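Open the model in a viewer and keep the selection panel at hand. The stops below go from the whole chain to single residues.

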Amino acid sequence: GASATEAEAIAKHLNQVKTLTSDFHLFYDGLTNANLTIYKLPYTPINREITVQAIASVENQLKLNSNITYTRNEAKFNKYGEMMFLKSSFSIKNQTNGNTFNKTIYVVSGNGKTYMILLETALEADFDKYIQRIDL
């Protein structure tokens with residue numbers, strides 16, 4: 001089971017999600033402490049300019065947390081047919097307990113739909129090939 005600190009972090013995350021959107025799915029794997037959250041957002045076509053703005057916004061949010069240090073691993077925009085996606089991935093170290101985890105954010109848009117996919121895991125993983133296969 002989750003420790004009190006992990007439970008507080010999960011509760012805080014869920015409260016933040018409630019303010020973002022009412023249409024989301026949260027998946028958690030207790031074995032690996034990985035979580036995947038999928039948010040449905042208002043349709044927004046993605047381009048390079050939006051990608052730069054979104055990544056800057058994520059980094060600004062990370063900078064607000066004085067308990068962490070982070071390194072941006074990757075930031076990119078891709079288009080596959082009518083589907084567009086941006087990806088931003090970070091290695092994040094919790095200064096309080098020394099734990100390191102990876103956070104990858106995808107925003108996928110096409111066919112009048114937009115989703116944000118947030119993956120947090122202890123292992124660095126590349127899900128691009130799965131993102132490319134999403135049928136919106």
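Helices and strands here are DSSP runs, helices (H or I) of at least four residues and strands (E) of at least two, numbered from the N terminus. This is a predicted model. Colour the protein chain by these elements: from the N terminus on, they run α-β-β-α-β-β-β-β-α. That is 3 helices and 6 strands.

**Whole chain**

Select the protein chain and show its surface. The exposed area is about 8600 Å², and carbon and sulfur atoms supply 52% of it. Of the 136 residues, 31% count as buried. Now draw the contacts between residues at least 6 apart in sequence: 43% of them join residues at least 24 apart.

**The sheet**

Select the 6 strands. They form an open sheet in the order β1-β2-β6-β5-β4-β3, with antiparallel pairing. At the edges are β1 and β3 (68-80), each of which pairs on one side only. From one strand to the next, the twist averages 10°.

Next, select β6 (113-121) with its two partners. On one side, 7 bridges join β6 to β2, and the two run antiparallel. Residue pairs to label here include leucine 41, which stands opposite threonine 114 in β6. On the other side, β5 and β6 pair in the antiparallel sense over 9 bridges. For this pairing, label isoleucine 105, whose bridge partner in β6 is leucine 118. How many of the residues of β6 are buried? The count is 7 of 9, so the strand is mostly covered, where buried means under 20% relative accessible area.

**The helix across the sheet**

Select residues 48-64, which make up helix α2. This helix lies across β3, β4 and β5, and runs at about 165° to β3.

**The cores**

In soluble globular proteins, nonpolar side chains tend to be buried together. Select Tyr39, Ile46, Phe77, Met84, Leu86, Ile105, Val107, Met116 and Leu118 and show them as sticks: these 9 residues are the largest nonpolar core. Two or more residues of this core come from each of β4 (83-94), β5 (100-110) and β6 (113-121). A second, separate core has 7 residues, among them Met83, Phe85, Tyr106 and Ile131.

Centre the view on valine 107. Leaving aside residues up to four places away in sequence, valine 107 touches Ile46, Met84, Phe85, Leu86, Thr114, Tyr115 and Met116.

**Two asparagines with positive phi**

Go to asparagine 33, in the loop between β1 (24-29) and β2 (34-41). Its phi is near 55°, a positive value in a residue other than glycine. Is the side of the chain at asparagine 33 buried, exposed or partly exposed? Asparagine 33 counts as partly exposed because its relative accessibility is 40%, between the cut-offs of 20% and 50%.

The last stop is asparagine 111, found in the loop between β5 and β6. These strands make a hairpin with 2 residues between them, and in that hairpin asparagine 111 takes a positive phi near 50°. Like the previous stop, this is a residue other than glycine. Asparagine 111 is exposed, because its relative accessible area is 54%, over the 50% cut-off.

Conventions. Residues are numbered from 1 along each chain as its sequence is written. This is a predicted model: local features need pLDDT of at least 70, side-chain atom pairs count only at pLDDT 80 or more; totals for chains, interfaces and linings use all residues. Side-chain values use heavy atoms; hydrogens and water are left out. A nonpolar core is a set of buried Ala, Val, Leu, Ile, Met, Phe, Trp, Tyr and Cys residues joined through side-chain atoms within 4.5 Å. Buried means under 20% relative accessible area, exposed over 50%, partly exposed in between (1.4 Å probe, protein chains only). Contact means heavy atoms within 4.5 Å. Two strands pair if DSSP finds at least two bridges between them. Axes are lines fitted to C-alpha atoms, for helices over the stretch in contact, and angles run from 0 to 180 degrees between N-to-C directions. Accessible areas come from the Shrake-Rupley method with a 1.4 Å probe; for residues, only the protein chains shown count as cover.
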